[in-house]
Amino acid sequence: MASVRGQSSPLPLWLAFAVGTTLGGAVTGLGLAVASGLASVLPLPVRAMAAVGVTLGLLLLDLTQAKLRLPQRETLIPQEVFAQGMARGIAWFGFEYGTGVRTLIPSAASYITAWALVMFHLPWWQTLLVATVFGFSRSWAAGLAMALSKGAWSVFLGRHSRLLERLGSVVAATLVLAAVVFGLS
């Protein structure tokens, strides 16, 4: 593995980042579980139609825009986050990144999934699990960038990022629509 700013191995920094993203996803999952509980008063057909309508709308939006424009913060995380040490700063940055509400989200996939989790009203622990996995998965791109030397991962993403973002939205939408179709029959 290549060196990251004078460190012999980037693994400890990536682990701190992964712990942060995982905890951030878990916090978001708890919020989605609460929202799902509030939405559960709506009849199932209403929630299913809301899931389908928003999913198709977000998918269409993502497929037709050069850059996805949905509510999100597009500002960078301030450098002060790293003032108390690199590992602690990376973990906090990971937490904010893992929540999915503090940083840029270039694809509608996470919006589609979050909305579906609220509308499907899964048991709270399943919603928490899905969001926690989302948080952890956000650490993989950084891990791959650290693991692959010579910037190969960055070059690949630079050439294919919008295609991959749209593909993520198509997959998320397909899963939501399949869940509605097979869940109601």
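A residue counts as buried here when its relative accessible area is under 20%, as exposed when that area is over 50%, and as partly exposed in between.

**Figure 1. The whole chain, built from helices.** What you're looking at is a predicted model. Of its 185 residues, 35% count as buried. The chain has seven helices and zero strands, so there's no sheet to hunt for, and the definition of a strand asks for at least two residues. Going along the sequence, the pattern reads α-α-α-α-α-α-α. Take the contacts in the chain with a separation of 6 or more: 83% of them come from residues 24 or more positions apart.

**Figure 2. A close-up of helix α3.** Start with how far helix α3 reaches from end to end. Its 14 residues should span 20 Å at 1.5 Å a residue, and the end C-alpha atoms are indeed 20 Å apart, so the two values agree. Which residues of α3 are buried? They are Gly89, Ile90, Gly94, Glu96, Gly98 and Thr99. Helices α1 and α5 are among what covers these buried residues. Just past the end of α3 sits Gly100, with a positive phi of about 80°.

**Figure 3. Two rings on one helix.** Seven aromatic pairs turn up in a search of the whole structure. One of them is Phe93 with Tyr97, a stacked pair with 5.7 Å from centre to centre and 20° between the planes. Both residues belong to helix α3 (residues 86-99), where they sit four residues apart, about one turn of the helix. That spacing is worth a thought: an α-helix has 3.6 residues a turn, so residues three or four places apart point the same way. Are these two rings buried or exposed? Neither, quite: Phe93 is partly exposed because its relative accessibility is 23%, and Tyr97 is partly exposed at 23% as well.

**Figure 4. An edge-to-face pair and its cluster.** Next up are Phe136 and Trp140, whose ring centres lie 5.7 Å apart with the planes at 90°, so this pair is edge-to-face. Phe136 has a relative accessible area of 31%, so it counts as partly exposed. Trp140 is partly exposed too, with a relative accessible area of 43%. Look for Trp14 as well, since ring pairs link Trp14, Phe136 and Trp140 into a cluster.

**Figure 5. An arginine over a ring.** Which residue lies over the face of Tyr97? It's Arg138, at 3.7 Å from the ring centre. Arg138 comes up again in the next view, among the residues nearest the centre of the largest pocket.

**Figure 6. The largest pocket.** About 1,300 Å³ of space lies in this pocket. How many residues line it? There are 44, and those nearest its centre are Ala109, Ser110, Phe134, Ser137 and Arg138. Several helices chip in: α1, α3, α4 (109-120), α5, α6 (140-147) and α7 (152-184) each supply at least two residues of the lining.

**Figure 7. Around Thr127 in helix α5.** Thr127 is part of helix α5 (residues 124-137). Its relative accessibility is 0%, so it counts as buried. Setting aside its neighbours within four places in sequence, Thr127 is in contact with Gly29, Leu32, Ala33, Leu117 and Leu122. For another spot where distant parts of the sequence come together, find Leu30 in helix α1 (residues 11-39). Leu30 and Trp125 are 95 residues apart in sequence, yet their C-alpha atoms are 8.5 Å apart in space. Leu30 is partly exposed because its relative accessibility is 43%.

**Figure 8. His121 in its loop.** His121 lies in the loop between α4 and α5. Most residues other than glycine have a negative phi. His121, though, has a positive phi, near 50°. With a relative accessible area of 35%, His121 counts as partly exposed.

**Figure 9. Leu58 and its neighbours.** Leu58 sits in helix α2 (residues 44-64). It's buried, because its relative accessible area is 12% and buried means under 20%. What does Leu58 touch, not counting residues up to four places away in sequence? The answer is Leu70, Ala108, Tyr111 and Ile112. Leu58 and Ala108 are 50 residues apart in sequence, while their C-alpha atoms are 6.1 Å apart in space.

Terms used. Residues numbered from 1 in each chain as written. Predicted model: local features only at pLDDT ≥ 70, side-chain atom pairs only at ≥ 80, totals over all residues. Heavy atoms only, no water. Buried < 20%, exposed > 50% of the residue type's maximum accessible area, 1.4 Å probe, protein only. Phe/Tyr/Trp six-rings, centres within 6.5 Å; stacked < 30°, edge-to-face > 60°. Lys NZ or Arg CZ within 6 Å of the ring centre and 35° of its normal. Contact = heavy atoms within 4.5 Å. Expected span 1.5 Å × (residues − 1). 1 Å grid on protein atoms, 1.4 Å probe; cavity = no way out; pocket = protein on both sides within 12 Å on 5 of 7 lines; lining within 4 Å. Points joined across faces, edges and corners; volume = space filled by probe spheres on them.
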